[in-house]
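Colleague: I would like to learn how to read a protein model. Could we take it feature by feature?

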Amino acid sequence: IVGFGMDWNPEVPYYAKRRALMWPSWGDARPDSTDVARALANLDGYEVGGLFNCPNRGAPEETVARLRERWGLVESPTFRARCRVYVRPPARLATSR
């Protein structure tokens, strides 16, 4: 999980029982920032299954769009409330002919 807008709050990763990169509000979340580039390099080899962005203190939409595309997450949020949640699309079952 990668999360923007909740600082280092461990609530989401704890209840999801997943590892997470929680982006602090003071971090530079612009898509071309060195902070984002360094974080992405540290995630090489890991599968990111979800991203959430809390608009009040989260990442710019351009950053979210780039990350969704990079990790193959759905284009529209799966859940919208205080934060928008993007996940991997459901796996398609192979059909036999």
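Modeller: Start with a definition: a residue is buried when its relative accessible area is under 20%, exposed when that area is over 50%, and partly exposed in between. Keep in mind that this is a predicted model. By that rule, both Phe4 and Trp23 are buried. Of the 97 residues of the protein chain, 35% count as buried.

Colleague: What pattern do the helices and strands follow along the sequence?

Modeller: The protein chain has three helices and five strands. Their order along the sequence is β-α-β-α-β-α-β-β. As for extent, the C-alpha trace spans about 55 × 25 × 25 Å along its principal axes. The radius of gyration is 14 Å, which agrees with the value near 13 Å for a compact globule of 97 residues. Contacts tell you how the chain comes together: among those between residues at least 6 apart in sequence, 49% join residues at least 24 apart.

Colleague: Now a single helix. Which residues of α2 are buried?

Modeller: First the general idea. An α-helix has 3.6 residues a turn, so residues three or four places apart point the same way. In helix α2, which runs over residues 34-42, the buried residues are Val36, Ala39 and Leu40. They cover an arc of only 100 degrees around the axis, which puts them on the same side of α2. Thr34, Arg38 and Asn42 are exposed on the other side of α2.

Colleague: What do the buried residues of α2 pack against?

Modeller: Their partners are β2 (21-23) and α3 (61-71).

Colleague: Which residues of the largest nonpolar core touch the most other members?

Modeller: That core has 16 residues, and the ones touching the most other members are Val2, Phe4, Trp23, Leu51, Leu67 and Trp71. The elements giving two or more residues to this core are β1 (2-4), α2 and α3. There is also a second, separate core of five residues, which includes Met6, Met22, Cys54 and Cys83.

Colleague: Phe4 has come up twice. What does Phe4 touch?

Modeller: Leaving aside residues up to four places away in sequence, Phe4 touches several residues, among them Trp23, Ala29, Leu51, Phe52, Cys54 and Leu67.

Colleague: How many aromatic pairs are there?

Modeller: Two rings pair if their centres lie within 6.5 Å; planes over 60 degrees apart count as edge-to-face, those under 30 as stacked, and the rest as tilted. The count comes to three aromatic pairs. One of them joins Phe4 and Trp23, with 5.5 Å centre to centre and 40 degrees between the planes, and it is tilted. Phe4 lies in strand β1 and Trp23 in strand β2, so this pair ties together parts that are 19 residues apart in sequence. For Trp8 and Trp26, the ring centres are 5.7 Å apart and the planes are at 85 degrees, so that pair is edge-to-face. Trp8 lies in the loop between β1 and α1 (11-16), and Trp26 in the loop between β2 and α2, so parts that are 18 residues apart in sequence are tied together.

Colleague: Is Trp8 buried or exposed, and is Trp26 buried or exposed?

Modeller: Trp8 counts as exposed, at 57% relative accessibility. Trp26 counts as exposed too, at 63%.

Colleague: Next, the cysteines. How many disulfides does a search of the whole structure find?

Modeller: A disulfide is a covalent bond between the sulfur atoms of two cysteines. The search finds one disulfide. Cys54 and Cys83 form it, with their sulfur atoms 1.8 Å apart. The torsion about the S-S bond is about 85 degrees, so the disulfide is right-handed. It links distant parts of the chain, 29 residues apart: Cys54 is in the loop between β3 (50-53) and α3, and Cys83 in the loop between β4 (79-80) and β5 (84-87). Both Cys54 and Cys83 are buried.

Colleague: Last, the backbone. What is phi of Asp7, and what is phi of Lys17?

Modeller: Most residues other than glycine have a negative phi. Asp7 has a positive phi of about 50 degrees although it is not a glycine. Asp7 sits in the loop between β1 and α1 and is partly exposed, with a relative accessible area of 24%. Lys17 also has a positive phi, near 55 degrees. Lys17 is in the loop between α1 and β2, and at 70% relative accessibility it counts as exposed.

Notes:
Residues numbered from 1 in each chain as written. Predicted model: local features only at pLDDT ≥ 70, side-chain atom pairs only at ≥ 80, totals over all residues. Heavy atoms only, no water. Buried < 20%, exposed > 50% of the residue type's maximum accessible area, 1.4 Å probe, protein only. Helix = DSSP H or I, 4+ residues; strand = E, 2+ residues; numbered from the N terminus. Arc of directions from axis to C-beta. Contact = heavy atoms within 4.5 Å. Core = buried A, V, L, I, M, F, W, Y, C linked by side-chain atoms within 4.5 Å. Phe/Tyr/Trp six-rings, centres within 6.5 Å; stacked < 30°, edge-to-face > 60°. Disulfide = S-S within 2.5 Å. Rg over C-alpha atoms; globule rule 2.2 N^0.38 Å.
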